[in-house]
Amino acid sequence: MDTLIGVLTPAFILHLFLHVAVPLLVAALFFRKDFRHATLVMLAGILIDIDHVAASPIVDPDRCSVGYHLLHSYWLIPVYVALALYPKTRLIGLGLVIHILLDTAECVRAGNAVLVSFSF
C-alpha cells in the first residue's frame, strides 16, 4: 500500500484524470449524437494499460510507458492511427491515439526520453 501512495502524486492524478476527461471532451465536441457510446468506446483505450501488469513495478512514475510496454510499442502507434482513420474502428482508434498522446505528454513532462525520429 505504501508504494501505491507514493505513486499518487498530483502529476500522476492529473494524468489519470486526463485519460478520462479528454475522451469525454472529444465525444462531447465531435460525437454529440452518440455521446455515451463514443465516450465508452474511447475510454476502452485505457485497457492497453493491461500491459503494465507484466512490468515490475506495475506503475513506476519514473518510467516512460511509450516504447516500454508491449501495447505502448512504437510499431503499434501507426496501427492505432490507422484504426482512428477507418470509420468502423474510428472510436477505438481515437481512444488508443489519445491514450498514447497523453502517455507521451507525461513522458515529456517528467523529462523521460521519447523516441521522436525513426531510422529506416
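1. Read along the sequence, this predicted model follows the pattern α-α-α-α-α. In other words, the protein has five helices and zero strands.

2. A few overall figures help in finding your way around. The protein has 120 residues, and 32% of them count as buried. About 7,900 Å² is exposed, with carbon and sulfur atoms supplying 72% of that area. If you take the contacts between residues at least 6 apart in sequence, 54% of them join residues at least 24 apart.

3. Helix α2 is a good place to look next. It covers residues 10–30, and its end C-alpha atoms lie 29 Å apart; this agrees with expectation, because 21 residues at 1.5 Å a residue should span 30 Å. Do look at L18 as you trace the helix, since a kink of about 30° in α2 is centred there.

4. Which residues of α2 are buried? They are F12, H15, H19, A21, P23, V26 and A27. You may like to colour these in your viewer before reading on.

5. Now for the partner of α2 in this note, helix α3, which spans residues 35–43. The two axes come within 9 Å and cross at roughly 145°, and the crossing is right-handed.

6. Where the two helices meet, α2 contributes H19, V20, P23, L24, V26, A27 and A28, while α3 contributes F35, A38, T39, M42 and L43. Some names will be familiar from point 4: H19, P23, V26 and A27 meet α3 and are also among the buried residues of α2.

Methods
Residues numbered from 1 in each chain as written. Predicted model: local features only at pLDDT ≥ 70, side-chain atom pairs only at ≥ 80, totals over all residues. Heavy atoms only, no water. Helix = DSSP H or I, 4+ residues; strand = E, 2+ residues; numbered from the N terminus. Expected span 1.5 Å × (residues − 1). Bend = angle between axes of the 7 residues up to and from the residue. Buried < 20%, exposed > 50% of the residue type's maximum accessible area, 1.4 Å probe, protein only. Contact = heavy atoms within 4.5 Å. Areas by Shrake-Rupley, 256 points an atom, 1.4 Å probe, with all protein chains shown as cover. Axes fitted to C-alpha atoms, helices over the stretch in contact; angles between N-to-C directions. Left-handed = near helix turned anticlockwise from the far one by under 90°.
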